[in-house]
Amino acid sequence: MARYVVNRLAQAIMLLVIVSAIGFAILHLAPGGPLSQYAASAQMTQEDLDRVTRQLGLDRPLPIQYLDWFGRMLKGDWGKSYRDGEAVLSVISSHLGATLELMATATIIAVLLGCWIGVLGALRRYSLFDTLATVGAMIALSIPTFWFGLVTIYVFSVKLGWLPAGNRQTVGDGSFLDLLHHLIAPALVLALVETAMWGRFMRSSMLEVINQDYIRTARAKGMPEWRILTVHALRNALLPMITVAGLQFPTLLGGALVAETVFTWPGMGRLFLDSIGYRDYPVVMGILMFSATMVLIGSLLADILYAVVDPRIRVG
């Protein structure tokens, strides 16, 4: 088990280095560059631009810039924002809570609703409910998240007035009910695609389990159906969902970026897009590395947890 964990950890670290190098190169070789915001000012002279270039270390070769940035990042210095000079870690931490709040709520909704739909669809295979669930999942997976967000705003905010059109809270309020009121729409939109995925995976897993010999043996012995489903079938069907949870994290992050943009939710996704528009490369790289680290940690923990509950995974 220890060797398995070390191998997976080494792979994760190597992948993180590759992601950082590619991201750093793309950002610094993209048109405009970090100096585009400074150059847009009519008051900036060429001498001023040259001075800023030296101050930011942009006059050095790109590999040297990357090694210097990577070394400082390992020491906890992720740089300072070009926009206001605030430390990148401080900028990220100020937006992290909103993103975690949105993702956690959407995940809870998706797991509970998706697993229920998947189990019921497997037990009532080819029924009207199963057919409607399959069609609904295909629709949810086919239509972009931002479209669902815009439709939700139009219907429930503009037409019906039931939900706020955006933001995390009402200015001057900040109560729990107000926060919950603002959270409903973006969380449901973000959970929609995740629910479809969880439902399809859970249906397939449950179908595989209920056709196993030990389920038929339990029925032959006269065990109550509810006990067969809850103790034997559902328990074993949930095991593959551990891996699914790790694989869903990147999708959840991508969906959060879209949902936060549509609903002007002050999270990391909105910060990422704003930083790209401002050419605030230290913040962009910080969010990229933080997100990549979280994705790799989620995948690593899912693999380790699955190896614990199923020792066959450790072989090879």
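Here is a short back-and-forth about this predicted model.

User: Before we start, what are the ground rules for the numbers?
Analyst: Residues are numbered from 1 along each chain as its sequence is written, and side-chain values use heavy atoms, with hydrogens and water left out. The model is predicted, so local features need pLDDT of at least 70, totals for chains, interfaces and linings use all residues, and side-chain atom pairs count only at pLDDT 80 or more.

User: How many helices and strands does the protein chain have?
Analyst: Helices (H or I, at least four residues) and strands (E, at least two) are DSSP runs, numbered from the N terminus. Along the sequence the pattern reads α-α-α-α-α-α-α-α-α-α-α-α-α. That gives 13 helices and 0 strands.

User: How far apart do the C-alpha centres of domain 1 and domain 2 lie?
Analyst: The bounds come from an automatic or database domain assignment, with domain 1 at 1–75 and domain 2 at 94–279. For scale, the C-alpha atoms of the protein chain fill a box of roughly 85 × 60 × 35 Å along the principal axes. The two centres are 35 Å apart.

User: What share of the residues in the protein chain is buried?
Analyst: Buried means under 20% relative accessible area, exposed over 50%, and partly exposed in between (1.4 Å probe, protein chains only). The chain has 316 residues, and the buried share is 38%.

User: Which residues form the nonpolar patch on the surface?
Analyst: Patch members need over 30% relative accessible area and no salt bridge; like charges are joined within 9 Å, nonpolar side chains (Val, Leu, Ile, Met, Phe, Trp, Tyr) within 5 Å. Take Ile18, placed in helix H1 (residues 2–29): at 41% relative accessibility, Ile18 counts as partly exposed. Together the members have about 470 Å² of accessible area (Shrake-Rupley method, 1.4 Å probe, only the protein chains shown counting as cover for residues). They are Met14, Leu15, Ile18, Ile22 and Ile26.

User: Why are Arg72 and Asp68 separated by about one helical turn?
Analyst: The two form a salt bridge, with the closest N and O atoms 3.2 Å apart; the term means a side-chain nitrogen of Lys or Arg within 4 Å of a carboxyl oxygen of Asp or Glu. Arg72 is partly exposed at 29% relative accessibility, and Asp68 is partly exposed too, at 30%. The one-turn separation follows because they sit in helix H4 (residues 62–74), 4 residues apart.

User: What is the N to O distance in the salt bridge between Asp77 and Arg72?
Analyst: Asp77 has a relative accessible area of 38%, so Asp77 counts as partly exposed. The side chains of Asp77 and Arg72 meet at 3.8 Å.

User: Is Arg203, the salt-bridge partner of Asp130, buried or exposed?
Analyst: Arg203 and Asp130 have their closest N and O atoms 2.9 Å apart. The pair links distant parts of the chain, 73 residues apart, with Arg203 in helix H8 (residues 176–210) and Asp130 in helix H6 (residues 128–142). Asp130 is buried at 3% relative accessibility. With a relative accessible area of 12%, Arg203 is buried.

User: Which residues do salt bridges that share partners join into one network?
Analyst: The whole structure holds 8 salt bridges. Those that share partners join Arg60, Asp68, Arg72 and Asp77.
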